[in-house]
Amino acid sequence: MNCSASSTYKILIGICFVGLYMACRAQQAQSSDFSPEFAFTKGIEGPAVDPDGKLYAVNFQEEGTIGAVDKEGNGKIFLKLPEGSVGNGIRFDSEGNMYIADYVGHNVYQVKKGTQVPEVWAHHPEMSQPNDLTIAPNGLIYLSDPNWKEGTGRIWMVNKSREIVLLEENMGTTNGIEVSPDGKKLYVNESVQRNVWQYDIDPDGGVSNKRLFLAFDDFGMDGMRCDSEGNLYITRYDKGTVVIIAPDKKVIDEIALKGKKPSNITFGGENGKTCFVTMADRGCFESFTAPYPGAFYKSLH
């Protein structure tokens with residue numbers, strides 16, 4: 001083979017390799033429908049998977065409900081919240097108890113494992129609209145609290161005494177909130193202002209050393225989750241993507257979704273690598289495969 005032919009051959013091999021890599025990557029990054037459209041209302045939010053692998057979200061068929069979705073994507077009403085309450089974020093602790101942020105009644109509900117009875121775990125009448133919540137490895141709960149009308153927001157903590165303590169106010173529209181897998185950092189995003197903030201979590205559960213982790217020039221943000229490696233998965237509302245950000249702020253990937261309004265995300269599936277995304281414009285779940293299992297799933301296995 002002469003030099004010219006050899007060079008051409010190498011170029012063709014290179015093109016084929018790149019094409020194969022991009023095709024595989026596109027296949028891995030592709031979302032698919034997991035549940036039927038509009039089984040949930042446009043208020044679908046708070047996706048969460050319990051320690052047994054069962055998937056839940058708020059507002060199945062009607063506002064004020066919690067829906068349970070099986071492995072085939074079929075949903076049913078798991079429970080109804082008391083009249084005057086509407087859920088948003090859902091999280092589970094390591095014992096399988098469910099916690100629900102009630103943005104209308106300013107409550108955090110607990111549903112003990114094995115029951116379907118929501119009980120008020122904590123209440124604070126001065127909260128604006130408790131939106132999303134996250135649970136640190138030590139059991140402390142953190143809440144985002146946006147005031148959409150005023151374009152402001154706050155962060156609260158539910159301590160071991162079940163008291164809701166104000167951590168910071170005068171923020172933008174706080175929305176997605178997540179604790180790093182090691183329990184040392186808190187991430188909070190501001191949907192309208194398009195900022196993601198990072199805090200150190202102090203020994204007493206308070207936060208300090210606030211710094212800007214990331215900012216976007218366009219589109220909004222909603223819910224966030226961490227995988228076992230500490231990578232942050234951010235739903236880009238109106239853009240219709242989930243962007244994966246490494247702890248060093250590098251963009252690992254951005255997954256295109258079928259809908260445009262992803263409201264939140266969680267991890268589940270047999271190995272904890274399936275991402276379930278709630279879609280406000282489609283009233284359903286979409287799903288895709290992540291490179292690592294979710295932080296909560298990993299902590300249980």
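**Close-ups of a predicted model**

**View 1. A bridge between two strands.** Start with Val277, whose bridge partner in β24 is Glu286. This is a predicted model, so treat each view as a look at a prediction. Zoom out a little and you'll find strand β23, residues 274-279, pairing with strand β24, residues 284-289. The two run antiparallel and share 6 bridges. In general, strands of a sheet pair through backbone hydrogen bonds, in either a parallel or an antiparallel way.

**View 2. The sheet around that pair.** Here β23 and β24 sit in an open sheet of 4 strands. Reading across, the order goes β1, β24, β23, β22, with antiparallel pairing. At the edges you have β1 (32-33) and β22 (262-268), each pairing on one side only.

**View 3. The whole chain.** Pull back, and the protein chain shows 2 helices and 24 strands. Its radius of gyration is 20 Å, close to the 19 Å that the globule rule gives for 301 residues, so the chain is as compact as a globular protein of that length. Along the principal axes, the C-alpha atoms fill a box of roughly 80 × 45 × 40 Å.

**View 4. Inside and contacts.** Of the 301 residues in the protein chain, 53% are buried. Take the contacts with a separation of 6 or more: 43% of them join residues 24 or more positions apart.

**View 5. Surface and charge.** The protein chain exposes about 14,000 Å², with carbon and sulfur atoms supplying 52% of that area. As for charge, there are 30 positive and 39 negative side chains, and the centres of these two sets lie 5 Å apart.

Methods
Residues are numbered from 1 along each chain as its sequence is written. This is a predicted model: local features need pLDDT of at least 70, side-chain atom pairs count only at pLDDT 80 or more; totals for chains, interfaces and linings use all residues. Side-chain values use heavy atoms; hydrogens and water are left out. Two strands pair if DSSP finds at least two bridges between them. The radius of gyration is taken over C-alpha atoms; the globule rule is 2.2 Å times the number of residues to the power 0.38. Buried means under 20% relative accessible area, exposed over 50%, partly exposed in between (1.4 Å probe, protein chains only). Contact means heavy atoms within 4.5 Å. Accessible areas come from the Shrake-Rupley method with a 1.4 Å probe; for residues, only the protein chains shown count as cover. Lys and Arg count as positive and Asp and Glu as negative; His and the chain ends are not counted. The place of a charge is taken as NZ of Lys, CZ of Arg, CG of Asp or CD of Glu.
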